[in-house]
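Dear colleague,

I am passing on a structure for you to look through. My notes on it follow below the entry.

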Amino acid sequence: MTKGTFKRVVEVGRVVYVDRGEGEGKLAVIVDIIDHNRALIDCPTTGVPRHSHSYRRLTLTDFVLKEFPRSGGSPIVRKYFEKENILEKWNKTAWAKKLENRKKKSALTDFDRFKSLKLKKQHRYLVNLEEAKLRKQQKA
């Protein structure tokens with residue numbers, strides 16, 4: 001068997017991250033595949049209404065709802081989504097943490113950015129000081 005280059009495929013039950021459009025920045029589930037360009041997505045748990053969305057504006061995640069029925073209604077989506085604890089799993093991923101850090105960083109004020117800069121300089125100074133001590137010990 002040959003291995004494909006793609007690890008994630010568009011399928012019913014696949015959890016997606018909405019990049020742009022309605023429900024931006026939230027998770028949703030592919031409920032049905034409309035054609036080669038669009039899918040029907042829904043997720044009442046995260047607040048994404050049921051609507052058609054372009055694949056170009058979605059990013060596929062590693063999560064898939066097992067045995068998810070095609071064209072399942074919103075209550076079914078909610079049931080499977082909560083049964084698999086998708087939000088908890090998502091919040092543990094590096095991807096979600098990175099997005100959260102970006103959001104926090106963009107909300108910083110000028111003074112917060114200044115304090116962060118000063119702390120980084122202090123940290124760098126201490127690290128360089130310790131590194132110099134270790135180098136000196138190695139030479140001796």
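The centres of domain 1 and domain 2, taken over C-alpha atoms, are separated by 40 Å in this predicted model. Domain 1 covers residues 1–107 and domain 2 covers 108–139, with bounds that come from an automatic or database domain assignment. Residues are numbered from 1 along each chain as its sequence is written. The model being predicted, local features need pLDDT of at least 70 and side-chain atom pairs count only at pLDDT 80 or more, while totals for chains, interfaces and linings use all residues, and side-chain values use heavy atoms, without hydrogens and water.

The largest nonpolar core (buried Ala, Val, Leu, Ile, Met, Phe, Trp, Tyr and Cys residues joined through side-chain atoms within 4.5 Å, buried being under 20% relative accessible area with a 1.4 Å probe, protein chains only) has 25 residues, and Val15 and Ile41 have the most contacts inside it. At least two residues of this core come from each of β1 (14–18), β2 (27–33), β3 (38–43), β5 (58–64), α1 (74–83) and α2, where helices (H or I, at least four residues) and strands (E, at least two) are DSSP runs numbered from the N terminus. The element that gives the most to this core is β2, with 5 residues.

UniProt, in an unreviewed entry, places the feature "domain: Large ribosomal subunit protein eL14" at residues 49–124; such annotations may be inferred rather than shown by experiment. That span is 59% helix and 17% strand, and its end C-alpha atoms lie 47 Å apart.

Best regards

Methods: Buried means under 20% relative accessible area, exposed over 50%, partly exposed in between (1.4 Å probe, protein chains only).
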